[in-house]
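Got your viewer open? Then follow along, one selection at a time, and see what turns up at each stop.

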Amino acid sequence: MADQEKNTFLSRRQFLGASIGLTGTALLAPGVFLYQTAQAKPDAQPVSDTVRWGMLIDTNKCESGCDDCVTACAEENGWQNQTGPEEVKVQWMRKVDLKDKNTGREVSLPVMCQHCEKPPCVDVCPTGASFKRADGIVLVDKHICIGCRYCMMACPYKARSFVHSPVESHDDMMPRGMGTVESCTMCTHLIDKDKSPACISACPEKAILIGNLNDKQSEISLRIASVSSRQIRADLQTNPGVRYQGL
Amino acid sequence: MANSSEQHHQVIKGTGMLVFLLCGMPSSQAEVPMPKLAQASGEQCVEDTAFMRRNHMDLLKHQRDKTLRQGIRSKSHSLQGCLDCHAIYDNNQQIVDIKNDKHFCNSCHNYAAVKIDCFDCHSSTPLKNNPSAGI
């Protein structure tokens, strides 16, 4: 009987996880928020593994139809004004609406790079361009990226994009160029300056919390210790740094 | 011996022709003007001028890896740090970008025929919204 219950539980989890990839509809619209600001770091000091950046996204606060976080991400990182066919536009972040067909319950959530502890994109990169910073943020070193796109195929979250067109404007903080792969950087240029990522600042519902998962007393650690949250496709055991509440 | 002497004679004739042709070339094609470096703001660069001329590319590459991979955003050896001091203004007091021959990087790189691709991705002018950022 216990085994049966366990199997039922697992299949439900698997269903939920799979449903994100299979039945999710890419829409523009969520809100995200950050409670805890990054700890100030001197400019000349390297990041360390005493910090592991993570996010907790409260899907109960995330409105379907709101895409303020996506818009803010695009403007901060310079991918807002893209021309060309829809299917080749880069997308660092997207809103996904899900519906449980059995119950009719609907949730809306933003999906971007999940900043895995064991990132598949890093495993497959032939040049070492995909890498994980000491503080857990997964990045692309575009200086040595050859644009092979293996990482895009390996990523379970479809979080990465390839830049097909020449980048016209370089006025933004994020250097971007044709022929390289890119994805959410958790706004490292802001985090390193003790500021919140753009999506978090933009969320009207303050639905996204960012913090140090390695600090058991941080707000995010206390929250995930007390409320139910889950990682997308946790069955893959990549241990994403992004968790979802109410999913 | 006779063959060798004949070859030697031909070499002398060929050299004489080459000297003749070189002398006949217009002098403007033989000389490329030396680059004129614009004065940067500030009194002293982050390193000696002679050191910077030979090693600036190593400093930039080293800093690029430290910034991207370790999150070190000190400004002294960063690309943005260079651009902040070495911004060049045109006649309308606008900062020129890499498309302009007067851009600081172009002034030497055009002369040396070394193509740089930094600005395929990076801004070639000081960033307005965050001038202190180390990139």
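Start by selecting A:Lys41. You'll find this residue in the loop between β1 (25-27) and β2 (53-58) of chain A. (Helices here are DSSP runs of H or I with at least four residues, strands are runs of E with at least two, and both are numbered from the N terminus.) A quick word on what you're looking at: this is a predicted model, where local features need pLDDT of at least 70, side-chain atom pairs count only at pLDDT 80 or more, and totals for chains, interfaces and linings use all residues. Residues are numbered from 1 along each chain as its sequence is written, while chains are lettered from A and ligands numbered from 1 in the order in which they are written.

Is A:Lys41 buried or exposed? Somewhere in between: A:Lys41 is partly exposed, because 19 other C-beta atoms lie within 10 Å. (Buried takes 20 or more other C-beta atoms within 10 Å of a residue's own, exposed means 12 or fewer, and partly exposed is in between; the C-beta atoms are placed from the backbone.) Now add A:Asp194 to the selection. The two are 153 residues apart in sequence, but 7.2 Å apart in space, C-alpha to C-alpha.

Zoom out to chain A as a whole. Chain A has seven helices and 11 strands, and 43% of its 247 residues count as buried.

Next, pick helix α2 (residues 68-77) of chain A. Eight of its 10 residues are buried, so the helix is mostly covered. Among them are A:Cys69, A:Val70 and A:Ala72. What does the covering? Show β3 (93-99), β4 (106-112) and α6 (198-202) of chain A, which are included in the cover. Right after α2(A) comes A:Gly78, with a positive phi near 80°.

That angle leads to the next stop. Most residues other than glycine have a negative phi. Select A:Arg149: not a glycine, yet its phi is positive, about 70°. A:Arg149 sits in the loop between β6 (138-140) and α4 (150-154) of chain A, and it counts as partly exposed because it has 14 C-beta neighbours inside 10 Å.

Now for a sheet. Which strands make up the open sheet of four, and in what order? Colour β9-β2-β11-β10 of chain A, in that order; the pairing is mixed. (Two strands pair if DSSP finds at least two bridges between them.) At the edges stand β9 (208-212) and β10 (229-230) of chain A, each with a single partner strand, so one side of each has no neighbour in the sheet. Further in, β2(A) runs parallel to β11 (residues 242-245) of chain A, and four bridges join them. Look for A:Leu56 opposite A:Arg243 in β11(A).

Keep the sheet on screen and add helix α7 (residues 219-226) of chain A. α7 lies across β2, β9, β10 and β11 of chain A, at about 115° to β9(A). (Axes are lines fitted to C-alpha atoms, for helices over the stretch in contact, and angles run from 0 to 180 degrees between N-to-C directions.)

Time to switch to chain B. Here there are five helices and zero strands, and 15% of the 135 residues count as buried. Select B:Ala113, in the segment after α5 (104-112) of chain B. Its phi is positive too, near 55°, and B:Ala113 is exposed, with 7 other C-beta atoms within 10 Å.

Last stop: show both chains together. 20 residues of chain A are in contact with 18 residues of chain B, where contact means that C-beta atoms, placed from the backbone, lie within 7 Å.

How values were computed. Two residues are in contact if their C-beta atoms, placed from the backbone, lie within 7 Å.
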